[in-house]
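Me: Could you take a close look at the nonpolar core of this chain for me? I'd like to know what builds it and how it sits within the whole fold.

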Amino acid sequence: MKKPSELTDSPFTMKSSVDVLEIVTCILLILVSFVGNLCLFYSTRKCMTGCPETSFLLIFSLIFVHLIKNLVVNVMKIVYSSGCTLDSAGCKVLRFTAALTTSLAIWFMLHFALLYHQKLYQTLHPLSETPNPDHQKRSLKVVSALWVTGVAVYLPVLLYTRKSEYLNAGNDTDPLSANRIHTDCLTDFGNKQVEFYYEDVFLVLIDILPLATLVFVCFWMSFLLSERKKMTYGDIWIGDDDSEIETLRGAKFSILLMWLITPLWISHFILVYFLKGLAVCVFFPAVLTALSSGFSALSPFLLMLVNYRIKLVSFCDAKEKKPTPQPANVILSPYA
């Protein structure tokens, strides 16, 4: 039989375990994300001279979003789990930053997939007319518009929400709920209709619709890749150049990244909206943190593999190679 002191201390020990588990999860995600995004930045920055502005802006935007997600959101979670409380402004900044970085990651990944879908489609079905030279400027405007749209969409969270006062009104004696940022640092508009149409409908749609589009585009790319695999040119295999290899890798890794970001977002959504009863579990805060920040920590390593050993031809103008002289006794293929 346990002593009264042990019975009294056990809830606080459990609360401490919750905080320690979330702090450890945040630290691991921060370290992995920092190393991965730093390597991605360095590998992309190496060939900045003469590179298309659009590709750099897209990659650097993804890096910036990933670092904000882990270095700002997760650092605030560590501070909170360490015992420091956040006021209304801190809770609003936390929610704004977390939601904005999640949406921007989805939008930028959709833009990334669309770029490689276009390249892959043009590889299989070349256009008779010359490509539009202004596509880089158009894509640059898209990336900039995504940033502006994201900030504008979530700006009401900063301006019009306030920290919820009633959520923990009856839980002051419950040590398990006294220091949980996922339940104690919620914000609301003070109007149920606004919360329903803006939070439960609008903010969900601006994530789920691009995510559904991303899934569709990636399945289309899967079809194009299978179509390319079946294609022959007069029963003669034509080797791929660096640009085509990069396009194929970009399409394949876009599909892989889609399979990473989609289950993470869906799992986080289900836990937050439909399985709130699991909030009493010790691992719940750490699981939510891993689901919300896992993509920003792991995706940089996959993005680096797109251009592995082909000198980042996606983001740099490859130097023209001198043609290799052909032996006199070799008959050139008419398909070359």
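**A close look at the core**

Reply: Happy to. The chain holds eight helices and two strands, and please keep in mind that this is a predicted model. Following the sequence from its start, these elements come in the order α-α-α-α-β-α-β-α-α-α.

Now to the part you asked about. The largest nonpolar core has 56 residues, and the members that touch the most others in it are F108, Y154, L214, M221 and F295. Several helices share in building this core: α2 (53–81), α3 (88–124), α4 (135–160), α6 (192–230), α7 (242–273) and α8 (284–305) give at least two residues each. The largest share is that of α3, with 14 residues.

Let's zoom in on Y154, one of those well-connected members. Leaving aside residues up to four places away in sequence, Y154 is in contact with F96, A99, L100 and S103, and also with Y198, L203, I206 and D207.

Apart from the largest core, there is another one of seven residues, and V73, Y80, C91 and C185 are among its members. As background, nonpolar side chains in soluble globular proteins tend to be buried together.

How does this fit the chain overall? Of its 336 residues, 42% are buried. Among contacts with a separation of 6 or more, 85% join residues that lie 24 or more positions apart. As for the outside, the chain exposes about 19300 Å², of which carbon and sulfur atoms supply 67%.

Technical notes. Residues numbered from 1 in each chain as written. Predicted model: local features only at pLDDT ≥ 70, side-chain atom pairs only at ≥ 80, totals over all residues. Heavy atoms only, no water. Core = buried A, V, L, I, M, F, W, Y, C linked by side-chain atoms within 4.5 Å. Buried < 20%, exposed > 50% of the residue type's maximum accessible area, 1.4 Å probe, protein only. Helix = DSSP H or I, 4+ residues; strand = E, 2+ residues; numbered from the N terminus. Contact = heavy atoms within 4.5 Å. Areas by Shrake-Rupley, 256 points an atom, 1.4 Å probe, with all protein chains shown as cover.
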